[in-house]
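Me: Could you help me read this structure? I would like to understand the reasons behind the words people use for it.

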Amino acid sequence: MGFKMEQQNALDAVVTTSRKWDEETLALAQTAAARLGIPYAERRTLSLAEVRARYGVHYVLVAKNGLLMLETPAGELFFHPNMAHLRIKNIRHGQGDRLGEAMQLHPGMRVLDCTLGFGADAITAAYLVGEQGTVTGLESQPLIAAVVGWGLAHFTADSPHVLAAMRRVTPVCADALTYLRAQPADSYDVVYFDPMFRHPLYASKALDPLRTVADRRALTEETVAEACRVARERVVMKETARSTEFARLGFTQVTGGKYSKVHYGFIKV
């Protein structure tokens, strides 16, 4: 399926196809349903609203054009490496990347992204660590993991540089703390967190579908402590510029643009 499942919960969702489907689309939908442990719903002529009502669910995972998208009450959640595309383009033109600078990334490093989300940070990191490096992306929510994990492995409409970076990201559906506890000390060079902001930047309307299904729990001190054990060089967290989370969790060093709404805190291990 393009991602490794380390947990499986009862999900408020069904899987179906687009109205115009072929055998390959049907196979993808049925495989996703089996992998997630949720029902496959025959689409026929039903609208997605009718599918949702018939099965009494809030979310409908749809196999369409070789990818998976998630219909949520706040709109469609789909995979596209748009932000990673722009960031990698900027890096290639010598403009750098603030996340890469905060992580101090260089070729050959091993990176653990504990909050995969849409995957833009993981893809950018994979580009920076190159073919000899590795990036593992954890996503605790199975529906997001399905959409993004499949997209990372099968999306094709981008430059060779971006596609190669995407393919080097290994997505894992797992809770960050549970996963970290199982890792040996110093097993990654950098561990990264981009938790749902305590005070969201609501101007980012594109994130609304993600917010409806994402893990909203605040990052805990125990999780950061485990990250410090697992990381060989540093632990990095992304938050809003004025966030009090940096101080609460021990990220005493913070970097970011003077006028940027987002900053990066880091702990040198």
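Reply: Happy to! Keep in mind that this is a predicted model. We can start in helix 10 (residues 221–230), where glutamate 226 and arginine 229 both lie, three residues apart, about one turn of the helix.

Me: What makes the meeting of glutamate 226 and arginine 229 a salt bridge?

Reply: The rule asks for a side-chain nitrogen of Lys or Arg within 4 Å of a carboxyl oxygen of Asp or Glu. The side chains of glutamate 226 and arginine 229 meet at 2.9 Å, N to O, so the pair fits the rule of within 4 Å.

Me: How many salt bridges does this rule give?

Reply: The count comes to ten salt bridges.

Me: Why are helix 5 and helix 7 called roughly perpendicular?

Reply: Helix 5 (residues 120–129) and helix 7 (residues 160–167) pack at an angle of about 100 degrees, and their axes are 8 Å apart. Angles of 65 to 115 degrees count as roughly perpendicular, and therefore helix 5 and helix 7 earn that description.

Me: Which residues meet there?

Reply: From helix 5 come Ile123, Ala126 and Tyr127, and they meet His161, Val162, Ala165 and Met166 in helix 7. By class, this contact has six nonpolar residues, one polar residue and no charged ones.

Me: What lines the second largest pocket?

Reply: That pocket has a volume of about 190 Å³. Its lining is made of Lys64, Asn65, Leu67, Leu68, Met69, Glu76, Phe78, Phe79, His80 and Phe155. These residues divide into six nonpolar, two polar and two charged.

Me: Which strand gives the largest share of that lining?

Reply: Strand 4 does, with three residues. Strand 4 (67–72) and strand 5 (75–78) each supply at least two residues of the lining.

Key:
Residues are numbered from 1 along each chain as its sequence is written. This is a predicted model: local features need pLDDT of at least 70, side-chain atom pairs count only at pLDDT 80 or more; totals for chains, interfaces and linings use all residues. Side-chain values use heavy atoms; hydrogens and water are left out. Axes are lines fitted to C-alpha atoms, for helices over the stretch in contact, and angles run from 0 to 180 degrees between N-to-C directions. Helices (H or I, at least four residues) and strands (E, at least two) are DSSP runs, numbered from the N terminus. Angles under 35 degrees count as roughly parallel, over 145 as roughly antiparallel, 65 to 115 as roughly perpendicular and the rest as oblique. Contact means heavy atoms within 4.5 Å. Ala, Val, Leu, Ile, Met, Phe, Trp, Tyr, Cys and Pro count as nonpolar, Asp, Glu, Lys and Arg as charged, and the others, Gly among them, as polar. On a 1 Å grid over the protein atoms alone, a cavity is a set of points where a 1.4 Å probe fits but cannot get out, and a pocket is an open set with protein on both sides within 12 Å along at least five of seven lines; lining residues have an atom within 4 Å of a point. Grid points are joined across faces, edges and corners, and a volume is the space filled by probe spheres set on the points.
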